[in-house]
Amino acid sequence: MMLLRRLLMLYFSITSSALTRNIGVFGLTAFSRIPLSLSTSSAGQNFCEAKMSNSPTTAAEASDETTHTRDLQQQDTKDKDPELGQKSWRSLIEISMARSRKIRGSNYVQLATVDLEAMEPRCRTVVFRGFQKFPADHKNNSGACDDLSTVLKMCTDARSRKVQESPAGEIVWWFAKSSEQYRMRGKLLYVGGQNDGDDPELSKARKELWGNLSDPARESFFDQNVPGAPTTKTTATNDESAPAGGRDASAGKPLPPPDNFLLMLLFPHHVDYLNLKENYRQVDTFSKDESSWSFQQVNA
Ligand SMILES: Cc1cc2nc3c(=O)[nH]c(=O)nc-3n(C[C@H](O)[C@H](O)[C@H](O)COP(=O)(O)O)c2cc1C
Ligand SMILES: *[C@@H]1O[C@H](CO)[C@@H](O)[C@H](O)[C@H]1NC(C)=O
Ligand SMILES: *[C@@H]1O[C@H](CO)[C@@H](O)[C@H](O)[C@H]1NC(C)=O
């Protein structure tokens, strides 16, 4: 555990340029990969290239761990945020995202699904890659709120466990700077492989996301070492046969996405928002019948 902590600290203290090339923590099953992936641009699972800037907050982050949530609450209501009680979750999260944009890791969210055989929850960190926009008349745009798409965009590997789990999930997003939590639950949709091409909009969204991945991230999807399978001598390093950067060797263009690259979308219908500083909580729900969102303040 100490070793892991130290490795994580090391990872958190490296510069963002190293970060944009690779991230070591994914190789936890194969410890030997960690130092390797910190210093080279070999393909590990690189989910974290999405816009992260330098953050001087390492010490602050560390002390945050020990801060009790009560300390973050502000009993005094004299600077009560005028936005609260007036805005939908979707408008609130727009503000939260803008405020935390510069904080490294602020786009990491936790996604929970249910293993339907074990009837147990499963939870993991994934990178939030923006709200997926759809044309106004597309059926996946039906949940829009304040004229903004509510569809959360992520990506994953078809060979990962989550894909076999519940077709619904919940995402938790904690904004450390503004002390806000959003819990968004809804249907999950995986687009790719066999499940691609029926809907041109979804197919287009998948290709765009693929084109926007960093080279190491793209390359990792060509790695034949199955994620989650026991590591063997031959799988202890990244698959050497994976095309560098997921690009065509001669033209240098990104190759077409392999079948295991999945666009993962969450369509929330229920969002629970908690603001610790203001001791304010609100629940937003989507009514299918009225095709609209409404919210209500609830006791925090
Ligand atoms: C910071 C961070 C970001 C991650 N981003 C993703 C991601 O965007 N997509 C993904 O599938 N896994 C991501 N992972 C790995 C997952 O947490 C998880 O280990 C992997 O998806 C396998 O999960 P599963 O077996 O439950 O499907 C990330 C892990 C960390 C620590
Ligand atoms: C989004 O569109 C896909 C493909 O047409 C469909 O399978 C899915 O149910 C839709 N999701 C929602 C929440 O409308
Ligand atoms: C990256 O995403 C944007 C929209 O988010 C899209 O317009 C652009 O085409 C994408 N890039 C590639 C190479 O597909």
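**Figure 1. Contacts of C155 and the nonpolar core.** Leaving aside residues up to four places away in sequence, C155 touches R129, L209, F261, L262, L263 and M264. The model shown in this and the following views is predicted. C155 also belongs to the largest nonpolar core, a set of 30 residues, and is among those with the most contacts inside it, together with L152, Y182, L263, M264 and L265. At least two residues of this core are supplied by each of α6 (89-100), β3 (152-157), β4, β5, α7 (200-212) and β6 (261-275). The largest share, eight residues, comes from β6.

**Figure 2. The protein as a whole.** The protein contains eight helices and eight strands. Of its 300 residues, 29% count as buried. Among contacts with a separation of 6 or more, 64% join residues that are 24 or more positions apart.

**Figure 3. Helix α6 and its buried side.** Helix α6 has twelve residues, and the distance from its first C-alpha to its last is 16 Å, close to the 16 Å expected at 1.5 Å a residue. Which residues of α6 are buried? They are W89, R90, L92, I93 and S96. These residues cover an arc of only 150° around the axis, and therefore they lie on the same side of α6. The elements that cover the buried residues of α6 include β4, β5, β6, β7 (280-287) and β8 (292-298).

**Figure 4. Helix α7 and its two faces.** The 13 residues of α7 should span 18 Å at 1.5 Å a residue, and its end C-alpha atoms are indeed 18 Å apart. The buried residues of α7 are L202, A205, R206, L209 and W210. Seen down the axis of α7, the buried residues fall within an arc of 135°, so they line one face of the helix. What lies on the face of α7 turned away from its buried side? That face carries the exposed residues P200, K204, E208 and G211. The cover over the buried residues of α7 includes β3, β5, α8 and β6. L209 of this helix is also one of the residues that C155 touches.

**Figure 5. The surroundings of ligand 2.** The residues around ligand 2 are K139, N140, K187, L189, D199, L202 and F267. By character, this shell divides into three nonpolar, one polar and three charged residues. L202, a member of the shell, is also one of the buried residues of α7.

**Figure 6. K177 in a loop between two strands.** K177 is placed in the loop between β4 (168-175) and β5 (180-191). Is K177 buried or partly exposed? K177 is partly exposed, because 14 other C-beta atoms lie within 10 Å, a count between the limits of 12 or fewer for exposed and 20 or more for buried. Not counting residues up to four places away in sequence, K177 touches R99, S100 and I103. K177 and S96 are 81 residues apart in sequence, yet their C-alpha atoms are 9.0 Å apart in space. S96 is one of the buried residues of α6.

**Figure 7. D115 in strand β1.** D115 is placed in strand β1, which comprises residues 108-115. With 14 other C-beta atoms within 10 Å, D115 is partly exposed. Apart from its neighbours within four places in sequence, D115 is in contact with E120, R122 and E165. The C-alpha atoms of D115 and R161 are separated by 8.7 Å, although these residues are 46 residues apart along the chain.

**Figure 8. Two residues with positive phi.** The loop between β2 (120-127) and β3 holds D146. Phi of D146 is near 50°, a positive value in a residue other than glycine. D146 is exposed, because 12 other C-beta atoms lie within 10 Å. The loop between β6 and β7 holds N279. N279 likewise has a positive phi, of about 50°, although it is not a glycine. N279 is partly exposed, with 15 other C-beta atoms within 10 Å.

**Figure 9. A229 in the loop before β6.** A229 lies in the loop between α8 (215-220) and β6. A229 is exposed, with 10 other C-beta atoms within 10 Å. Its C-alpha atom is separated by 9.8 Å from that of S160, a residue 69 residues away along the chain.

Key. Residues numbered from 1 in each chain as written. Chains lettered and ligands numbered in written order. Predicted model: local features only at pLDDT ≥ 70, side-chain atom pairs only at ≥ 80, totals over all residues. Near = placed C-beta within 6 Å. Nonpolar A, V, L, I, M, F, W, Y, C, P; charged D, E, K, R; others polar. Helix = DSSP H or I, 4+ residues; strand = E, 2+ residues; numbered from the N terminus. Contact = placed C-beta atoms within 7 Å. Core = buried A, V, L, I, M, F, W, Y, C linked by C-beta atoms within 7 Å. Expected span 1.5 Å × (residues − 1). Arc of directions from axis to C-beta.
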